[in-house]
Amino acid sequence: SVGGIAASRNILQSCKDANLNIIQYLWLLKLNFTVFLVFFVYAKSLDPSSVFWGSDPTRYYLDAWETINNNWSPVSTWDGILFQDGGANYAGLLYYYGAVFFLFGHYPLVPALINCFLTFLGTLFLVRYCYFLVPLSSKKRFLIAYTLIIPELVWYDIMTSRETILSVCLTITIISAGNLICGIRNIQPWGNWILYIIGNLAILAIRGSMIIPIFLATVLYFFLCPKNKNNFLRNCSIISFQLIAFFAAPMIQSFLGGTGLDYNLLQENLTIAESNSASRSDNWSEKSIGRLLLPSGLFQSIIFVPFRIILYLAAPLPTVLTNPINLLKGFPFAWENLLMALSAFLNLMVFPYVLSSFSLAFRNRKKNPSLLIIPIAFLVVLVAIAGGNMFIHERCRVMSSLLLFACAWIGFTIGIKSDVYFWFFSWYLIVLLSGCFYIFFKTFVYYV
């Protein structure tokens, strides 16, 4: 808590806005709520004999500890069976949490507090950058601080998960790449280089496939930002580094002891549903909308992405499997559903501002290329999430949460009113039509 308050005061002095004083109170609020969730809710799911055990983060909690006991050789748990030869695509995550447990002990509060502080640092990075974007005359700038308490980030921070870590890493890495490629003034290049390289290495270790959206973002920055001869060598260096990272990802995954990343198999699994075990899973609900959007070819996998994005933004709505009794009993599933539903509601509410930020950034890309950086970062990450998973996993959405609300902040703070009104009408019309289709399909269609 002391470190968080010190960092809060540092950002307060750096940004010179007294309104940012709110961030230290948000930090203390989140810290206390994190402790409450860990002991009252999440701890119940860490017992393998519990009915709440079995989600990916709970398995990581056990696997990371067993990795230490297995002489730092990654292990994975499936259906209660421990495999000591690795066989998982999250080996880097096991080393990370294994090191945390090795240094501080195998207690659930330890990774929760570390994740909480990591997200806090990511939020401070975002605050500092967003204050650079918007002129001093705006009185709404401090609202970006509220990204610290996005409900789904609060929930996944308490776990041994990879989603919030990736959210921070992707945010910092892609924005740093954008700063370097677009040649933004008043930004320290060496600092961005350090953050960019460290972020890439962390993502390669934790989830190698997410190196793809970083590569796409750098390419988009290169072509959409105004060309500057002084930045040509630097831009070529970034593109080259990203190409090396792309081809090195499978080798790094194998080196760490996990399953190798096969791009050809990945492409086949994501474009042809029959090749993916998810299409044969029993986890699909009756009349599942998500199952309707399973592609049977490259063309379908592309045109289904916008519809899958809507599902990702809205999940788990309209179903909210939460009641006060289960919340009072501290059932993890009830609290997860509540916090994810709150985030989904916020997503739908603020998304017109996100769309407004896209139109503003594209219109002003030559005059102010820095406005492109956050919208492009959000777009590539969201498309990677929506197109990169057969199931609609709400937890994957967490990787884009910081960027989503940063885009919304741009649209809300400096968006053009006429654009905002247009996107509000267009977006809620889409939501209304989607809701009508959902009701019709669930009520009147009699096949799965």
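**Close-up views of a predicted model**

**View 1. Surroundings of helix α4.** The buried residues of α4 (buried: under 20% relative accessible area with a 1.4 Å probe, protein chains only) are covered by elements that include α3 (56-69), α5, α7 (163-182) and α8 (189-206), where contact means heavy atoms within 4.5 Å. The model is predicted, so that local features need pLDDT of at least 70 and side-chain atom pairs count only at pLDDT 80 or more, whereas totals for chains, interfaces and linings use all residues. Residues are numbered from 1 along each chain as its sequence is written, and side-chain values use heavy atoms, with hydrogens and water left out. Helices are DSSP runs (H or I, at least four residues) numbered from the N terminus. The buried residues of α4 are A91, G92, L93, L94, Y97, G98, V100 and F101, and just after this helix G105 takes a positive phi of about 100°.

**View 2. Residue T67 of helix α3.** T67 is found in α3 and counts as buried because its relative accessibility is 0%. Leaving aside neighbours within four places in sequence, T67 is in contact with W72, S73, P74, V75 and L94.

**View 3. Crossing of helices α5 and α17.** The axes of α5 (residues 109-133) and α17 (residues 370-387), which are lines fitted to C-alpha atoms over the stretch in contact, with angles from 0 to 180 degrees between N-to-C directions, come within 9 Å and cross at roughly 140°. The contact is made by L126, Y129, C130, F132 and L133 of α5 and by S370, L371, I373 and I374 of α17.

Notes:
Helices (H or I, at least four residues) and strands (E, at least two) are DSSP runs, numbered from the N terminus. Buried means under 20% relative accessible area, exposed over 50%, partly exposed in between (1.4 Å probe, protein chains only).
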